[in-house]
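Visitor: I would like a close look at a single part of this model, taken slowly and with its surroundings kept in view.

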Amino acid sequence: MKRAIVVGASSGIGRELALALSREGYALGLAARRVELLEQLRAELRTGAVPETLVGFMDVSRPEEAAAQLSGMVRAMGGVDLVVLSSGTGHINPGLDWALEKETLDVNVLGTTALVDAAMKLFLEAGTGHLVVLSSIAALRGSAEAPAYNASKAYLSNYLEGMRCLVARRHVHIHVTDMRPGLVDTAMAQGEGLFWVQPPAKAAAQILRAIRRKRRIVYVTRRWALVAGVLKVLPEWLYRRI
């Protein structure tokens with residue numbers, strides 16, 4: 001039986017992906033700060049042949065604790081085939097409030113890196129596994145409105161490429177997927193004049209398809225690949241005016 005852990009499963013894309021994985025027959029471990037929401041989710045999940053879903057508190061802003069909790073959840077499940085890191089935060093912060101910038105970096109950089117390392121060590125020991133991390137299309141360029149958020153996602157995409165290089169050098173059967181959502185209807189979609197905002201269920205369905213195909217870099221939903229192509233070639237003088 002396939003086993004998956006979803007960190008950040010209490011809401012948004014993580015929640016919808018947990019539902020989709022349950023329908024696929026995965027045994028699940030779910031982690032987030034809001035355990036009461038995880039319990040509500042557990043009540044909705046597929047039952048029957050699949051073992052009871054494991055639920056646990058995790059605060060990604062506490063890197064060492066979060067990494068230890070992930071490893072403990074893997075032990076409790078008897079191993080894991082797929083780890084999805086969906087937790088993240090960010091703020092519209094053109095005033096450069098340091099508390100907001102620091103919170104973004106604590107979660108998106110320090111906490112997520114600790115979880116990536118913990119998952120990769122487990123996969124390297126087992127010689128197999130699939131790590132999926134939700135970065136963002138924001139990783140492609142800097143932002144005047146949310147500088148720490150875009151920078152943190154760029155860091156994650158770079159770090160995940162490093163993980164793929166590490167795996168290639170060791171010749172092990174481990175897959176690392178950099179999932180880059182565009183605007184999805186979650187608490188993370190902030191600001192005015194937003195367009196192409198998609199429901200989390202649609203994003204989760206496309207993420208699940210990418211997981212099946214063991215994709216390396218995926219834009220969600222697919223139309224955001226068009227935006228990514230433009231962002232990559234847009235000269236800085238023009239990008240600054242957008």
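How many residues does α4 have, and what distance does α4 reach from its first C-alpha to its last?

Guide: Please keep in mind throughout that this is a predicted model. Helix α4, which covers residues 98-126, has 29 residues, and from its first C-alpha to its last it reaches 40 Å, a span close to the 42 Å expected at 1.5 Å a residue. That end-to-end figure can be read together with a local feature of the helix, for α4 carries a kink of about 35°, and this kink is centred on D106.

The residue at the centre of the kink also takes part in a charged pair. D106 forms a salt bridge with K102, and the closest N and O atoms of the two lie 2.8 Å apart. Both partners belong to α4, where they are 4 residues apart, about one turn of the helix. Their surroundings can be stated separately: D106 has a relative accessible area of 18% and is therefore counted as buried, the cut-off being under 20%, whereas K102, with a relative accessible area of 37%, is partly exposed. As a general point, side chains of opposite charge can pair when their charged atoms come close.

The two ends of the helix deserve the same attention. At the N-terminal end, D97 acts as a cap of α4, with a side-chain oxygen that lies 2.9 Å from the backbone nitrogen of A99. At the other end, just after α4, G127 takes a positive phi of about 80°.

To set the pair within α4 in context, the structure holds 9 salt bridges. One of them joins the side chains of D178 and R180, at 2.9 Å from N to O, and in that case D178 and R180 are both buried. Another is formed by E65 with R62, where the closest N and O atoms are 3.7 Å apart; here E65 is partly exposed, with a relative accessible area of 42%, and R62 is partly exposed as well, at 43%. R62 and E65 also belong to a network that includes D59, the three residues being joined by salt bridges that share partners.

To return to the helix itself, the point to examine in the display is D106, on which the kink of α4 is centred and which forms the salt bridge with K102.

Definitions and conventions: Residues are numbered from 1 along each chain as its sequence is written. This is a predicted model: local features need pLDDT of at least 70, side-chain atom pairs count only at pLDDT 80 or more; totals for chains, interfaces and linings use all residues. Side-chain values use heavy atoms; hydrogens and water are left out. A salt bridge is a side-chain nitrogen of Lys or Arg within 4 Å of a carboxyl oxygen of Asp or Glu. Buried means under 20% relative accessible area, exposed over 50%, partly exposed in between (1.4 Å probe, protein chains only). The expected span of a helix is 1.5 Å times one less than its number of residues. The bend at a residue is the angle between axes fitted to the seven residues ending there and the seven starting there. A polar contact is a pair of N or O atoms within 3.5 Å; within protein, one must be able to donate a hydrogen and the other to accept it, and residues adjacent in sequence count only if both atoms are side-chain atoms.
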